[in-house]
Amino acid sequence: MSNIVRAGLVQQKWTGDKESMIANAVEAVRTAASQGAQVVCLQELFYGPYFCQVQDADYYSYTEGIPDGPTTELMCRVAEQHGVVLVVPMYEQEQPGVYFNTAAVIDADGTYLGKHRKNHIPQVKGFWEKFYFRPGNLGYPVFDTAVGKVGVYICYERHFPEGWRALGLGGAQIVFNPSATSRGLSEYLWRLEQPAAAVANEYYVGTINRVGVEPLGENDFYGQSYFADPRGQLVGEAASDTDEEVVVRDLDMDLLAEVRDLWAFYRDRRPDSYEALVKP
């Protein structure tokens, strides 16, 4: 029999306040779990607007501790209630004035496993992230979960192949890429980069984008969340480009070994020849 993991992605619109965004996400997790999802990932900075369209210190108030903040504690209870692994992207305060763009990973029994802090931070029009976040300092962790080995790579990081490969070398079988990216800037890349990363690194990629135009700017978030398999093919259809959606797909984990045996990219790597890649 095939070794299937049923996985979910939650694509949301900004509702107008943090409390209703959290409630919406909790309901979406319930919906995914009712469809048999065993692992669910939320979108980047899921409980807020994408405030990086402006540079305003008032949005520092969206930070929370991880794992000791209220949203992580809530999502641990939600994970345990539904028996699902959760990837929960939030705005983290390590200490006053030190903030990260972070995703918490919670196992299916509600145990907090750890976090990934976004390493690559953009600073371009409509994406003023260096105003809000320090670069991550935890590397590229891979989490041993109830559904297998899970990695996280957040939004802008998808443009950097090195982190994708680091997650593969860490044993990742599914990598989630929660994002907030807009139609005029990157839509033409959306169906190229993540499937290419899935092929190059021989794992599944689940990538999420929010939808809608938010009051803070003109960024038109175009959704189209999807899963790509290690052959670079979409697993089912991508989500809507305008509407909220809970995407649930079956991932055949036996395909990982099949593809790795066929292409053997990890066998044929030449790290002895890559020294120049890590020079400043």
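**Loops, rings and pockets**

Me: In this predicted model, does Gln 224 count as buried or exposed?
Reply: The relative accessibility of Gln 224 is 8%. The limit for the lower class is under 20%, so at 8% Gln 224 counts as buried.

Me: Where is Gln 224 found, and near what value is its phi?
Reply: Gln 224 is found in the loop between β13 and β14. Its phi is positive although the residue is something other than glycine. The value is near 60 degrees.

Me: Gly 223 also has a place in a loop. What is its relative accessibility, and what distance separates its C-alpha atom from that of Tyr 47?
Reply: Gly 223 is in the loop between β13 (220–222) and β14 (226–228). It counts as buried because its relative accessibility is 0%. Along the chain, Gly 223 and Tyr 47 are 176 residues apart, and their C-alpha atoms are separated by 16 Å.

Me: Let's turn to the other loop. Which residue there, found between β2 and α2, has a positive phi without being glycine, and how does it count for exposure?
Reply: Its phi is near 45 degrees. With a relative accessibility of 3%, it counts as buried. The residue is Leu 45.

Me: Which two residues does a cis peptide bond join, and what is omega there?
Reply: The bond joins Ile 66 and Pro 67. Pro 67 is found in the loop between β2 (39–41) and α2 (70–82). Omega is about 20 degrees.

Me: Now the rings. How many aromatic pairs are there, and is the pair of Tyr 132 and Phe 133 stacked, edge-to-face or tilted?
Reply: The count comes to 26 aromatic pairs. In the pair of Tyr 132 and Phe 133, the centres are 6.1 Å apart and the planes stand at 45 degrees. Stacking needs planes under 30 degrees apart and edge-to-face needs over 60, so this pair is tilted.

Me: Are Tyr 132 and Phe 133 buried or exposed, and what geometry does the pair of Tyr 156 and Phe 160 have?
Reply: Tyr 132 and Phe 133 are both buried. The rings of Tyr 156 and Phe 160 lie 5.4 Å apart, centre to centre, with 70 degrees between the planes. That angle is past the cut-off of over 60 degrees, so Tyr 156 and Phe 160 are edge-to-face.

Me: How do Tyr 156 and Phe 160 count for exposure?
Reply: Tyr 156 has 29% relative accessibility, and Phe 160 has 26%. Buried means under 20% and exposed over 50%. Tyr 156 and Phe 160 therefore each count as partly exposed.

Me: Which residues form one aromatic cluster with Tyr 132 and Phe 133?
Reply: Tyr 47 belongs to the cluster, and so does Phe 131. The other members are Phe 46, Phe 51, Tyr 59, Tyr 60, Tyr 62, Tyr 91 and Tyr 99.

Me: Which arginine lies over the face of Tyr 266, and which over the face of Phe 221?
Reply: Over Tyr 266, the distance from the ring centre is 5.4 Å, and the residue is Arg 165. Over Phe 221, the distance from the ring centre is 5.9 Å, and the residue is Arg 210.

Me: What is the volume of the largest pocket, and how does its lining divide?
Reply: About 320 Å³ of space lies in the largest pocket. Its lining includes Pro 161, Glu 162, Arg 165, Arg 269 and Tyr 274. By class, the lining residues are seven nonpolar, no polar and three charged.

Me: Which element gives the largest share of the lining of the second largest pocket?
Reply: The second largest pocket has a volume of about 180 Å³. It is lined by 15 residues, with Tyr 156, Arg 158, His 159, Thr 181 and Leu 185 nearest its centre. The lining divides into nine nonpolar, three polar and three charged residues. The largest share, four residues, comes from helix α4.

Me: What distance separates the C-alpha atoms of Gln 194 and Thr 207?
Reply: Gln 194 lies in helix α4 and counts as buried because its relative accessibility is 0%. Thr 207 is 13 residues apart from Gln 194 along the chain, and their C-alpha atoms are separated by 7.4 Å.

Me: Which residues does UniProt list for "domain: CN hydrolase", and how far apart are the end C-alpha atoms?
Reply: The unreviewed UniProt entry lists residues 5–253. Over residues 5–253 the chain is 23% helix and 31% strand. The end C-alpha atoms are apart by 7 Å.

Technical notes. Residues are numbered from 1 along each chain as its sequence is written. This is a predicted model: local features need pLDDT of at least 70, side-chain atom pairs count only at pLDDT 80 or more; totals for chains, interfaces and linings use all residues. Side-chain values use heavy atoms; hydrogens and water are left out. Rings of Phe, Tyr and Trp (its six-membered ring) pair if their centres lie within 6.5 Å; planes under 30 degrees apart count as stacked, over 60 as edge-to-face and the rest as tilted. Buried means under 20% relative accessible area, exposed over 50%, partly exposed in between (1.4 Å probe, protein chains only). A charge sits over a ring if NZ of Lys or CZ of Arg is within 6 Å of the ring centre and within 35 degrees of the ring normal. On a 1 Å grid over the protein atoms alone, a cavity is a set of points where a 1.4 Å probe fits but cannot get out, and a pocket is an open set with protein on both sides within 12 Å along at least five of seven lines; lining residues have an atom within 4 Å of a point. Grid points are joined across faces, edges and corners, and a volume is the space filled by probe spheres set on the points. Ala, Val, Leu, Ile, Met, Phe, Trp, Tyr, Cys and Pro count as nonpolar, Asp, Glu, Lys and Arg as charged, and the others, Gly among them, as polar. Helices (H or I, at least four residues) and strands (E, at least two) are DSSP runs, numbered from the N terminus. UniProt positions are given in the numbering used here, feature names are shortened, and annotations may be inferred rather than shown by experiment.
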